[in-house]
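Got the viewer open and a hand on the mouse? Let's take a walk through this one, stop by stop.

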Amino acid sequence: MDEVDVEMEYAEAYGARVPKVGLGTWQLTGETCYETVSTALELGYRHVDTAQLYENEAEVGRAIADADVDRDEVFLTTKVTPGNAGYDDVIESTKESLDRLDTSYVDLLLLHWPNPLVSVSETMAAMDRLVEMGLVYNVGVSNFPQVFLDRARAAAETPLVTNQVQFHPYKPQRGMLGYCQSEGMFLTAYSPLARGKALGDDDVQRLAETYDRTPAQIVLRWATQHRGVVVIPKSTTEDHLRENLALFDFKLTREEVDTLTKPSLLKSGAAMLDGMVSELR
């Protein structure tokens, strides 16, 4: 299996340097997860995203350990479940994550969702401590509205490098993106294809023909052309994994980027609902 021969672009924040295309592993479990991560690493992925809630850290860690890739070449992210947001729970659950991932550190640790029952100062103090211990290199959050993000940043001694949120043409997150850009953070986009709903868009289809690309490549290129945006699409097939990585040898015009930007509460809400329903199955 040959690597994808396209030069990667990177986002940077407070010393962190992360590939702009990573592999999302939500809903990947068991051998499917192991095989998917293994294939991705063989193709050239060097950014993998997991979480305690995904219950696949062991498979992700095994794939990284078995790959013909040095651990320090892989930017590895995991997330603390909100139920583990208390100081001691952050410390202990992260150590358990490291054991499952079979690694001595993670490159990035996020709090998966805000927990209104735990002071964010307590959570951030624990994340700061993990950085001091050398178990975590960078910290951030996920699914944080700006007001909560402000509180987390004020409480943390370690600079927060990212907020991981839903981001796609129907939910362009202009306010959050502008905030992250102005504060020197990068935005990590999950569900960057709107759970497939963006692929059938007429303008996406037209540009796919124009550039001789797949609709997924058009949508992902739309995202990665935004300054400081990192995408973590999920796929289990080699062809799609390969396509999702091959984004950086073409570029949309500013007018095309604007044309694809179509904020829609209906469509972004439908994409989120699909994800919630899938999680309950």
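Before we set off, one term: helices and strands here are DSSP runs, with at least four residues for a helix and at least two for a strand, numbered from the N terminus. That is how to read a location such as the loop between β9 (186-190) and α7 (202-211), where Ala194 is found. We'll get back to that loop later.

**The whole chain**

Start with everything shown as cartoon. Keep in mind that this is a predicted model. Colour by pLDDT: the mean for the protein is 94, and 95% of the residues reach 70 or more. Now select residues 276-281, where the pLDDT is below 50. Beyond near neighbours in sequence, that stretch has 4 contacts in the model.

Zoom back out. You should be able to pick out 11 helices and 10 strands. The radius of gyration is 18 Å, close to the 19 Å that the globule rule gives for 281 residues, so the protein is as compact as a globular protein of that length. Along the principal axes, the C-alpha atoms fill a box of roughly 55 × 40 × 40 Å. Of the 281 residues, 56% count as buried.

Next, select residues 20-261. An unreviewed UniProt entry places the feature "domain: NADP-dependent oxidoreductase" there. This span is 44% helix and 14% strand, and its end C-alpha atoms lie 19 Å apart.

**The sheet**

Hide the helices for a moment. What is the order of the strands in the open sheet? Reading across, 8 strands line up as β3-β4-β5-β6-β7-β8-β9-β10, with parallel pairing. Click on β3 (23-24) and β10 (229-231): these stand at the edges with a single partner strand each, so one side of each has no neighbour in the sheet.

Now go to strand β6, residues 108-111. Are its faces covered or open? Both are covered: Leu108 and Leu110 on one side, Leu109 and Leu111 on the other, are all buried. The general pattern behind this is that side chains in a regular strand alternate between the two faces of the sheet.

Look at the neighbours of β6 in turn. Strand β5 (residues 75-80) runs parallel to β6, and 4 bridges join them. Select Lys79 and you'll find its bridge partner in β6, Leu110. Bring the helices back and follow the chain from β5 through helix α3 (residues 87-101) to β6: this β-α-β crossover is right-handed.

On to strand β7 (residues 139-142), which pairs with β6 in the parallel sense over 3 bridges. Here Leu111 has Val141 in β7 as its bridge partner. The chain gets from β6 to β7 through helix α4 (residues 120-132), in a β-α-β crossover that is right-handed. One step further, β7 pairs with strand β8 (residues 160-166), parallel over 3 bridges. Ser142 is the residue to click, as it stands opposite Gln164 in β8.

**Three helices**

Select helix α1 (residues 30-43) and pick Thr36 within it. With a relative accessible area of 3%, Thr36 is buried. What is Thr36 in contact with, leaving aside its neighbours within four places in sequence? Show Leu23, Leu28, Ser235, Thr236 and Leu241 as sticks and you have the list.

Move to helix α2 (residues 57-66), where Glu57, Glu59, Val60, Gly61, Ala63 and Ile64 are buried. The buried residues of α2 pack against α1, β4 (47-49), β5 and α3.

Then try helix α5 (residues 146-155), home of Ala152. Ala152 counts as buried, at 0% relative accessibility. Not counting residues up to four places away in sequence, Ala152 touches Val120, Met124, Val141, Phe144 and Leu160. Draw a distance from its C-alpha atom to that of Ser119: the two are 33 residues apart along the chain and separated by 9.5 Å.

**Two positive phi values**

Most residues other than glycine have a negative phi. Select Tyr14 for a positive value, near 50 degrees. Tyr14 sits in the loop between β1 (10-13) and β2 (16-19), and is partly exposed, with a relative accessible area of 44%.

The last stop is the loop promised earlier. Ala194 also has a positive phi, near 55 degrees. Is Ala194 buried or exposed? At 0% relative accessibility, Ala194 counts as buried.

How values were computed: Residues numbered from 1 in each chain as written. Predicted model: local features only at pLDDT ≥ 70, side-chain atom pairs only at ≥ 80, totals over all residues. Heavy atoms only, no water. UniProt positions renumbered as here; feature names shortened; annotations may be inferred. pLDDT = per-residue confidence, 0-100. Contact = heavy atoms within 4.5 Å. Buried < 20%, exposed > 50% of the residue type's maximum accessible area, 1.4 Å probe, protein only. Pairing = 2+ DSSP bridges. Right-handed = clockwise from strand over helix to strand, strands pointing away. Rg over C-alpha atoms; globule rule 2.2 N^0.38 Å.
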